[in-house]
Amino acid sequence: MFKHILVPMDGSKLAEAALPAARFMAEKLQAQVTLFHVVEKDAPSQVHGQKHLTGPQEAQAYLQEVAHAWLQGIPKVECHVHETETELVSDSIVAHAAELGHDLVVMCSHGRGKAFHLLFGSIAQKVIAGGTLPVLITHPDEHGEPPPFCCCQILLPLDTDPEHEKGLPVVKSVARICNADLHITTVIPTYESLPPEEKVSARTLPATAARMLDLEARDASEHLDGVVRELVAEGIHASAHVLRGAPAETIARAAEEAKIDLMVLPTHGKTGMAAFWTGSVAHGICSRSKCPLLLVPISEPSSTD
């Protein structure tokens, strides 16, 4: 399980929204925490409307202040400033994590929609694309402050791709350590919620298409029931839910209604980032949900990408 947590910080209050989650995970997992800042070349004077850290001494002092305020009682906390100025902050974070053996990155998204897209594209996407590091993404509250973090209710959305069940070992470990309830969910579209390109092909036989989707929902329910039986036999509080509708919207709504504390999304690392970044279900969930997200790579990075 995770033993060395990396928390990138840029000096803004918004970035500090990751700290409650980092502390929670460090306490539960008895993990080391490294607060990390990259000195950006030609850094702007402000970031997210707040003063930007522009030099190594200022950054080191800031990280020490953050560690004192947020991480007292954590057995091992380090503050590291990458002093060599760089234009590619995200690449420095990925390289640092690989060099020092971090196994979880905890960071904050600075919003939803376009704001989320920009941040996720510049940092978390590159980390996930490395194919090995899980990334826990949190969101600031409505006032831009660090929200409280707990992990009592976990949601794992699965589709019909058996590859995504490779994320189960990580989910089981988190659920067991946190004594959390694990909700495993599959969403099967209705005929009305099919993507336009699929609805066109099914339009000639809509009744048949609807019946096929109903059968798919039945099969999914039987499969998830089997997965849950195995989890319960291992002592994990687990339940299965097959929902109907547009997958991304349905999962985001279900997470909000069930007051989910953490959503786990398996991703395909480099081999799947193109799909992830052009409107896949996972990206749709990320854009809609305020729920903290744990993105877990489930495939080896491609040597040709």
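# Exercises on a predicted model: sheet, cores and cysteines

In this predicted model, strand β7 (residues 135-138) and strand β12 (residues 293-297) are paired in the antiparallel sense over three bridges. The exercises begin from this pairing.

## Exercise 1. The surroundings of β12

Determine which residues of β12 are buried on each face, and which strands pair with β12.

**Solution.**

Step 1. On the β7 side, the pairing is antiparallel and comprises three bridges. Within it, L136 has L294 of β12 as its bridge partner.

Step 2. β11 also pairs with β12, here in the parallel sense and over five bridges. T267 is bridged to P297 in β12.

Step 3. In a regular strand, side chains alternate between the two faces of the sheet. For β12, one side carries L293, L295 and P297, and the other carries L294 and V296; all are buried.

Step 4. The result is a strand that is mostly covered, with five of its five residues buried.

## Exercise 2. The sheet and its helices

State the strand order of the sheet, identify its edges, and describe how helices α3 and α5 are placed.

**Solution.**

Step 1. The sheet is open and has 10 strands, in the order β5-β2-β1-β6-β7-β12-β11-β8-β9-β10, with mixed pairing.

Step 2. Its edges are β5 (77-86) and β10 (237-244), each of which pairs on one side only.

Step 3. On average, neighbouring strands of the sheet are turned by 25° against each other, direction ignored.

Step 4. Helix α3 (residues 89-100) packs on the sheet and touches β1 (4-8), β2 (32-40) and β5; its direction makes about 145° with that of β2.

Step 5. Helix α5 (residues 168-178) lies across β8 (153-157), β9 (181-188), β11 (262-267) and β12, and runs at about 170° to β8.

## Exercise 3. The nonpolar cores

Identify the residues that touch the most other members of the largest nonpolar core, and the helix that gives the most to this core.

**Solution.**

Step 1. The largest nonpolar core has 56 residues, of which V7, L35 and L182 touch the most other members.

Step 2. Helix α1 (residues 19-29) gives the most to this core, namely seven residues.

Step 3. Another core, of 23 residues, lies apart from it; F36, V105, L155 and L295 are among its members.

Step 4. With neighbours within four places in sequence left aside, L35 contacts V7, M9, L19, L63, V66, A67, L71, E78, C79 and H80.

Step 5. For the protein chain of 305 residues, 50% count as buried. Of its contacts between residues at least 6 apart in sequence, 79% join residues at least 24 apart.

## Exercise 4. The cysteines

How many disulfides does a search of the whole structure find, and why is there no bond between C178 and C151?

**Solution.**

Step 1. The search finds zero disulfides.

Step 2. A disulfide is a covalent bond between the sulfur atoms of two cysteines. The cut-off for the sulfur pair is within 2.5 Å.

Step 3. The cysteine sulfur closest to that of C178 belongs to C151 and is 4.0 Å away, so it is too far for a bond.

Step 4. C178 is buried, with a relative accessible area of 11%. C79 is also buried, with a relative accessible area of 18%.

Terms used: Residues numbered from 1 in each chain as written. Predicted model: local features only at pLDDT ≥ 70, side-chain atom pairs only at ≥ 80, totals over all residues. Heavy atoms only, no water. Core = buried A, V, L, I, M, F, W, Y, C linked by side-chain atoms within 4.5 Å. Buried < 20%, exposed > 50% of the residue type's maximum accessible area, 1.4 Å probe, protein only. Helix = DSSP H or I, 4+ residues; strand = E, 2+ residues; numbered from the N terminus. Contact = heavy atoms within 4.5 Å. Pairing = 2+ DSSP bridges. Axes fitted to C-alpha atoms, helices over the stretch in contact; angles between N-to-C directions.
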